Amino acid sequence: MANVAVVGSQWGDEGKGKVVDWLSERADVVVRFQGGHNAGHTLVINGVTYKLSLLPSGVVRGKLSIIGNGVVIDPWALLKEIESIREKGVDITPETLKIAENAALILPLHGHLDRAREEASGAGKIGTTGRGIGPAYEDKVGRRAIRICDLADEGVMEMKLERMLAHHNALLRGLGAPEADGEEIMRSLKEIAPKILPFADVVWKRLEEVRRDNKRILFEGAQGAMLDVDHGTYPFVTSSNTVSGAAASGSGVGPGQVGYVLGITKAYTTRVGSGPFPTELHDEVGRGLGERGHEFGTVTGRARRCGWFDAVLVRQTVKVGGIQGIALTKLDVLDGMDELKICTGYRCGDKVYDHLPASMAAQAAIEPIYESMEGWKESTRGARSWVDLPATAIKYIRRVEELIEAPVALLSTSPEREDTILVHDPFAN
């Protein structure tokens with residue numbers, strides 16, 4: 001049976017939650033494989049809105065949901081999220097939710113350090129959510145992290161916490177910030193351990209059993225390819241690999257099991273936080289996109305920066321991420337516009353780029369090269385068939401396909417899951 005990996009092809013916030021929910025009906029298992037509770041997915045099901053940060057979207061459909069080893073987990077945030085979903089009538093148990101025993105934890109000191117460093121950066125702020133994601137990944141790579149399995153061993157927790165504090169408290173002192181209290185952290189860990197450990201599982205083994213049973217897996221990515229720590233607009237990126245290759249390493253399966261890669265792609269472009277944004281609009285058009293698209297972060301509530309569709313950027317993420325087809329979302333936000341623009345290249349002085357250069361200076365200096373297209377007056381909201389779309393909207397979609405060199409597999413025309421035009425079923429591969 002085919003598996004599918006869903007990843008963002010821009011700077012996140014492309015509408016992955018709705019598409020993952022739509023696809024989860026065809027899947028048996030849904031796996032989160034990277035990121036932390038800085039990511040946000042919004043699902044609208046039968047008029048009820050669910051806002052998820054750590055939980056895989058499959059939980060609201062009763063699917064076996066797995067948080068992989070590539071995710072960094074704030075256990076307090078996770079329990080709060082589980083409780084909020086339970087209050088909406090969705091029961092989450094150790095039978096329906098599994099957490100990789102080798103996943104690293106986010107502790108309160110990570111958020112404390114994250115915010116202290118960002119504050120000290122002044123004008124050089126990256127735009128982090130301040131939730132400790134970066135420092136937690138640093139501890140993982142630095143081999144200091146406390147992992148899910150360590151919650152069962154107080155001796156190991158104390159040893160790792162001592163090493164962690166020696167590192168982080170030195171940084172906090174240097175920043176003039178209060179040091180972390182090891183005794184308080186240890187008390188909190190002992191208290192939460194019995195609430196988290198029932199969900200712990202040998203996830204790589206569980207997924208091997210799923211494979212042998214010929215079941216379908218949906219790998220759910222967070223953020224977007226341009227926030228990838230290697231391939232994104234560094235240093236204005238997240239601290240994990242967000243491209244499809246991380247689906248394998250972040251869940252414990254071989255790369256051949258990832259299957260079809262679907263890139264979620266907004267019909268225009270948005271970004272939250274600092275960093276380069278070649279097609280950003282600072283005028284009434286940009287503000288209009290934000291208002292019609294309700295462009296506010298699920299997790300932070302911050303207003304998103306808005307701009308024209310950047311075909312150069314998406315074509316690059318298609319290549320880097322092995323994207324085989326895209327799910328084009330929020331087409332209806334473009335309804336009623338007289339003229340639409342698509343970025344087809346970048347200019348920096350006398351040089352023209354057909355890709356986003358890696359240099360920080362070049363990214364800040366490039367200017368978009370646009371081509372213009374006729375807009376449409378008719379509404380596309382709620383369309384469920386190509387025949388419901390204006391001819392000019394179809395022309396826009398076809399031009400996007402040509403420029404990014406990938407086909408549209410799904411077209412989303414509203415937040416409701418049924419308002420989706422299926423062109424090609426990713427699970428059919």
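Two exercises with worked solutions follow, on a helix and on a threonine of this structure.

The model is predicted: local features need pLDDT of at least 70, side-chain atom pairs count only at pLDDT 80 or more, and totals for chains, interfaces and linings use all residues. Residues are numbered from 1 along each chain as its sequence is written, and side-chain values use heavy atoms, with hydrogens and water left out.

**Exercise 1.** Determine how many residues of helix H10 are buried, and describe the two ends of the helix.

*Solution.* Step 1. Helices (H or I, at least four residues) and strands (E, at least two) are DSSP runs, numbered from the N terminus. H10 spans residues 311–321.

Step 2. Buried means under 20% relative accessible area, exposed over 50%, partly exposed in between (1.4 Å probe, protein chains only). Nine of the eleven residues of H10 are buried, among them Arg315 and Gln316.

Step 3. The cover over these buried residues includes strand S14 (339–348) and helix H12 (391–404).

Step 4. At the N-terminal end, aspartate 310 acts as a cap, with a side-chain oxygen 3.1 Å from the backbone nitrogen of valine 312. Just after H10, glycine 322 has a positive phi of about 60 degrees.

**Exercise 2.** State whether threonine 269 is buried or exposed, and identify the backbone atoms that its side chain reaches.

*Solution.* Step 1. Threonine 269 belongs to strand S10 (residues 269–271). Its relative accessible area is 1%, so threonine 269 is buried.

Step 2. A polar atom of the threonine 269 side chain lies 2.8 Å from the backbone oxygen of tryptophan 308.

Step 3. The side chain of threonine 269 also reaches the backbone nitrogen of aspartate 310, at 3.3 Å.

Technical notes
Contact means heavy atoms within 4.5 Å. A polar contact is a pair of N or O atoms within 3.5 Å; within protein, one must be able to donate a hydrogen and the other to accept it, and residues adjacent in sequence count only if both atoms are side-chain atoms.
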